[in-house]
Every structure is written in C-alpha cells, then in structure tokens.
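Student: I have a structure open and don't know where to begin. Can we go through it together?

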Amino acid sequence: MLNLIKGLLLDTNNLNKDGIRIHKEPDISEMRKSCQLAAETLDMIGDYVEPGVTTERLNTLCHEFMIDNGSIPATLGYRGFPKSCCISLNHVVCHGIPGAKRLKENDILNIDVTCILGGWFGDSSRMYVAGKATKKASRLIEVTHESLMRGISAVKPGNTFGDIGAAIQQFVEGKKMSVVRDFCGHGVGRSFHSAPNVLHFGHKNTGAVLEQGMFFTIEPMVNLGRPETKILSDNWTAVTKDKSLSAQFEHTVAVTAEGVEILTLSPDEKFFPNIAT
Ligand code: MF3
Ligand code: CO
Ligand code: CO
C-alpha cells in the first residue's frame with residue numbers, strides 16, 4: 001500500500017540524478033496531443049486580436065476552445081490565478097491577468113495557454129499585435145522568437161541546460177536587448193511545473209545534462225530596456241521596472257534520440273499570427 005501510494009502520488013520513479021523526470025516512449029504521444037491543442041488555441045485566438053477587443057473576451061475564447069476540445073485550462077485556479085490564460089500587454093513581462101482593458105492600435109501582447117489533456121500539460125505562448133506593430137516592437141518580437149529557436153537548437157542528448165541559456169543570452173544581448181532573470185522555463189508533463197528550472201541565460205557546458213525523455217519548456221522573456229522586473233499589487237502581474245517593452249515566446253519540447261521535438265509547433269505554421277509581413 002505504501003509503495004502504491006508512493007508510486008501513484010509521489011511517483012519518484014524515473015527521476016534522474018538531477019531530479020528530472022525521464023519519460024517513456026508512449027508518454028510523448030500523449031504530450032503531443034495536449035501540446036498540439038495548446039498550439040491550436042494560440043492559432044485560433046490570433047483572428048480575434050484587434051484594437052477594441054478586451055483581454056477578458058480573448059480569455060473567454062481561449063477558455064471555451066480548450067473546454068470544447070476536452071481539456072482543462074491549467075492556469076484557472078492555479079495558486080489562485082483567476083483566468084484561463086495569461087495576457088501580458090506591452091511592458092508586462094508575464095502573468096498578466098485578462099480583464100476589462102481594451103486593446104489599442106500598436107499594443108503588443110503575449111498570450112500564454114496551458115491545456116491539461118488526458119492528464120498531460122501542454123504549455124505555449126506567442127506574441128500578437130493589435131493592428132500594426134511599431135518598428136521597435138517588431139524588432140523586439142522577432143529577436144525574442146529567434147532567441148527561443150536558438151535555445152531550442154541547443155537541445156540534444158549530451159548538451160546541458162547551460163548551453164540553452166547561453167545560446168539565448170548571447171543572441172539577445174548581441175541585439176542590445178536584455179534577458180529577464182526573474183522567471184524561467186520548467187519541466188512539464190503530468191504536472192505543470194517541475195524540475196529543472198530552465199534559465200534563459202548562463203554558460204555553456206554548465207548545469208544538468210539533457211537526456212532523451214525529458215519534457216520541458218523554454219520561454220525567454222526579452223526587454224528592450226533593463227532586465228529587472230517588479231510584481232504589481234495584484235500579486236501576479238510582472239512588469240519591467242523601467243517600463244520598457246517586453247516580449248516572450250514559449251514552446252514545450254521533448255528531448256529525443258536525435259535531438260529535439262517541438263511539441264507545441266503550430267499545425268498551421270503560424271508563429272505570430274497577425275503581424276503583417
Ligand atoms: N503558463 C505559465 C508558464 O509558462 C504559467 C502561468 S501560471 C499562472 O509557466 F498562474 F500565472 F497562470
Ligand atoms: Co511555462
Ligand atoms: Co506558459
């Protein structure tokens with residue numbers, strides 16, 4: 001009985017020496033489903049982002065889409081978070097709470113959704129623009145997306161988490177922008193947040209070694225100004241201290257024998273759906 005409880009509730013099996021869960025082959029197909037639903041939610045919501053819409057309305061659309069597709073929005077009630085997605089506008093770095101605010105022309109926003117499907121968590125976020133982005137904002141968004149992809153390119157068995165952070169930091173700072181230090185990516189799978197902390201800065205050849213079967217997120221937050229953040233009095237909303245614009249993209253990835261599978265890639269190959277190109 002004790003073993004059964006330990007097995008079911010704590011499930012300390014299959015953790016490696018760094019406390020990181022190593023998943024089995026069949027788990028990845030379950031994760032794929034949940035992650036693809038997160039990606040479809042982000043594809044869907046792109047059509048509704050425009051000046052005049054409230055972030056509450058975008059939240060409701062995401063909520064309904066996730067529920068209608070058999071999933072539970074993981075953020076709703078998570079540590080008291082009141083909504084089904086996070087919407088972070090302009091100088092908001094992350095964890096913005098959807099509400100009555102209406103989008104206006106040139107606003108940039110991150111929408112972050114996490115679906116629980118069949119017990120598996122799929123976590124992803126992208127940037128959107130209300131109307132047309134300013135030049136500065138487009139550059140920030142492009143650099144942030146590219147930094148995520150460079151971090152992902154460092155994922156393969158035998159590389160380290162430091163390799164991921166270094167790839168992101170080096171690219172972002174080379175563009176004279178800054179990487180937020182106060183928030184990080186995380187292990188994900190049958191729980192929302194688990195080991196390890198996936199830092200978006202650091203040094204090559206440091207940190208835990210990547211192994212096939214790890215699932216985690218990479219979700220760099222990049223600021224046009226300084227990296228420091230502060231939390232508003234709602235105890236959730238993180239903003240840049242210097243009020244500079246901030247952007248973020250997030251993918252859930254799996255370490256495979258060959259390298260990496262991006263589980264939350266858009267089925268429609270969208271990445272920032274409504275930026276005119
Ligand atoms: N989805 C966020 C992440 O990428 C977590 C949001 S937690 C919430 O890890 F409570 F703010 F919703
Ligand atoms: Co995440
Ligand atoms: Co997220």
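Tutor: We will take the metal sites, then a helix, a sheet and a few odd residues. Keep in mind that this is a predicted model.

Student: Ok, metals. What coordinates the cobalt ion (ligand 3)?

Tutor: Asp112, Asp123 and Glu250 do, and Asp112 is listed with two OD donors. The distances run from 2.0 to 2.4 Å. Along the chain, the donors follow the spacing D-x10-D-x126-E.

Student: And where are those two Asp residues, Asp112 and Asp123?

Tutor: Asp112 is in strand 4 (residues 108-117) and Asp123 is in strand 5 (residues 120-129), 11 residues apart. Both Asp112 and Asp123 are buried.

Student: Why is the arrangement around the cobalt ion (ligand 3) called irregular?

Tutor: Because its 6 donor atoms subtend angles of 58 to 166 degrees. For six octahedral donors, the ideal angles are 90 or 180 degrees. To count as octahedral, opposite donors must be over 155 degrees apart and all others between 65 and 115, so an angle of 58 degrees does not fit.

Student: What about the cobalt ion (ligand 2), which protein donors does it have?

Tutor: The protein donors of the cobalt ion (ligand 2) are Asp123 (OD), His186 (NE2), Glu219 (OE) and Glu250 (OE), at 2.0 to 2.2 Å. Their spacing in sequence is D-x62-H-x32-E-x30-E. This site is irregular too, with angles of 52 to 159 degrees among 6 donor atoms.

Student: How far apart are the cobalt ion (ligand 2) and the cobalt ion (ligand 3)?

Tutor: They are 3.3 Å apart, and Asp123 coordinates both. At the ligand 2 site, Asp123 in strand 5 is paired with Glu219, which is 96 residues away in the loop between strand 9 (215-218) and strand 10 (221-223).

Student: Is Glu219 buried or exposed?

Tutor: Glu219 is buried, because its relative accessible area is 8% and the cut-off for buried is under 20%. Asp123 is buried as well, at 3%.

Student: New topic. How do the ends of helix 4 compare with the expected span?

Tutor: They agree. Helix 4 (residues 135-153) has 19 residues, so at 1.5 Å a residue it should span 27 Å, and its end C-alpha atoms are 27 Å apart. Its buried residues include Ala137, Leu140, Ile141, Val143 and His145.

Student: Now the sheet with strand 3. In which order do the strands come?

Tutor: The order is 3-12-11, in an open sheet of 3 strands with antiparallel pairing. Strand 3 (92-94) and strand 11 (229-231) are the edge strands, each pairing on one side only. From one strand to the next, the twist averages 40 degrees. Strand 3 is joined to strand 12 (residues 238-240) by 2 bridges, and Cys94 stands opposite Ala238.

Student: You mentioned odd residues. Which residue has a positive phi of about 80 degrees?

Tutor: Asn106, although it is not a glycine. Asn106 is in the loop between strand 3 and strand 4 and is partly exposed, with a relative accessible area of 34%. Lys243 also has a positive phi, of about 65 degrees. Lys243 lies in the loop between strand 12 and strand 13 (246-248) and is exposed, at 61%.

Student: And where is the cis peptide bond?

Tutor: The cis bond joins Ala195 and Pro196, with omega about 0 degrees. Pro196 is in strand 8 (residues 194-198).

Definitions and conventions: Residues numbered from 1 in each chain as written. Chains lettered and ligands numbered in written order. Predicted model: local features only at pLDDT ≥ 70, side-chain atom pairs only at ≥ 80, totals over all residues. Heavy atoms only, no water. Pairing = 2+ DSSP bridges. Helix = DSSP H or I, 4+ residues; strand = E, 2+ residues; numbered from the N terminus. Axes fitted to C-alpha atoms, helices over the stretch in contact; angles between N-to-C directions. Donors = N, O, S within 2.8 Å, 3.2 Å for Na, K, Ca; no water. Tetrahedral: all angles 85-135°; square planar, octahedral: opposite > 155°, others 65-115°. Buried < 20%, exposed > 50% of the residue type's maximum accessible area, 1.4 Å probe, protein only. Expected span 1.5 Å × (residues − 1).
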